[in-house]
Amino acid sequence: MESNGNSRGTIASYGAELKLAQSEIGAETPVAEITPEMITTYFESPRVRLLRNGKPKSQLSIDKTRRVLRLAIDWAVRENWIATSPVPILMLTGLLSLD
């Protein structure tokens, strides 16, 4: 990301989002074994949708958290780590919203 001109703050923020995804999906889960159901469960999880005090996060924050995982998975597809993205296709097209 640094070579693409992203700031240290952006890199740290994306890193924190990916650590959250790892903690929810499982850090030992190989990317090739991540299923659409796992993605949906993560996207709907309280840690994605709620603040620590239990109040709802802003939609911008929720969308960013979801986008970071989607971008990481898209990168894994481009790098041939996996053949296809497990992110449900209806979410990618915007036809399905979890909100």
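**Exercise 1. Work out how aspartate 74 and arginine 70 are paired, and how they sit relative to each other in helix 4.**

Step 1. Aspartate 74 makes a salt bridge with arginine 70, with 3.4 Å between the closest N and O atoms. The rule asks for a side-chain nitrogen of Lys or Arg within 4 Å of a carboxyl oxygen of Asp or Glu.

Step 2. Both belong to helix 4, and being four residues apart there, they are separated by about one helical turn. Helices here are DSSP runs of H or I with at least four residues, strands are runs of E with at least two, and numbering starts at the N terminus.

Step 3. Arginine 70 counts as partly exposed, at 27% relative accessibility. Buried means under 20% relative accessible area, exposed over 50%, and partly exposed in between (1.4 Å probe, protein chains only).

A word on the model before going on. It is predicted, so local features need pLDDT of at least 70 and side-chain atom pairs pLDDT 80 or more, while totals for chains, interfaces and linings use all residues. Residues are numbered from 1 along each chain as its sequence is written, and side-chain values use heavy atoms, leaving out hydrogens and water.

**Exercise 2. Sketch the overall fold: how many helices and strands are there in the protein?**

Step 1. Count the elements: five helices and zero strands. Along the sequence that reads α-α-α-α-α.

Step 2. Check burial: of the 99 residues, 25% are buried.

Step 3. Look at contacts, meaning heavy atoms within 4.5 Å. Of those between residues at least 6 apart in sequence, 50% join residues at least 24 apart.

**Exercise 3. Find the salt bridges that tie helix 1 to other helices.**

Step 1. The full tally is three salt bridges.

Step 2. Take lysine 64 and glutamate 17, whose closest N and O atoms are 3.0 Å apart. Lysine 64 is in helix 4 and glutamate 17 in helix 1, so this pair ties together parts 47 residues apart in sequence. Glutamate 17 is buried at 12% relative accessible area, whereas lysine 64 is partly exposed at 22%.

Step 3. Now take glutamate 24 and arginine 47, which meet in a salt bridge at 3.0 Å, N to O. This pair links helix 1 with helix 3 (residues 46-49), 23 residues apart. Glutamate 24 is partly exposed at 34% relative accessibility, and arginine 47 is partly exposed at 42%.

**Exercise 4. Which residues touch the most other members of the largest nonpolar core?**

Step 1. Set the rule: such a core is a set of buried Ala, Val, Leu, Ile, Met, Phe, Trp, Tyr and Cys residues joined through side-chain atoms within 4.5 Å.

Step 2. The core has 14 residues, and the best-connected are Ile25, Ile39, Tyr42, Phe43, Leu69, Ile73 and Val87. Helix 1 (8-25), helix 2 (36-44) and helix 4 (59-78) each supply at least two of the core's residues, and helix 4 gives the largest share, four.

Step 3. Zoom in on isoleucine 73: beyond its neighbours within four places in sequence, isoleucine 73 contacts Ile39, Ile82, Ser85, Pro86 and Val87.

**Exercise 5. Classify the two aromatic pairs.**

Step 1. Ring centres (for Trp, the six-membered ring) of Phe, Tyr and Trp must lie within 6.5 Å; planes under 30 degrees apart are stacked, over 60 edge-to-face, and the rest tilted.

Step 2. Tyrosine 42 and phenylalanine 43 are tilted, at 5.9 Å centre to centre and 45° between planes. Both are buried.

Step 3. Tryptophan 75 and tryptophan 81 are edge-to-face, at 5.0 Å and 70°. Tryptophan 75 is partly exposed at 37% relative accessibility, but tryptophan 81 is exposed at 55%.
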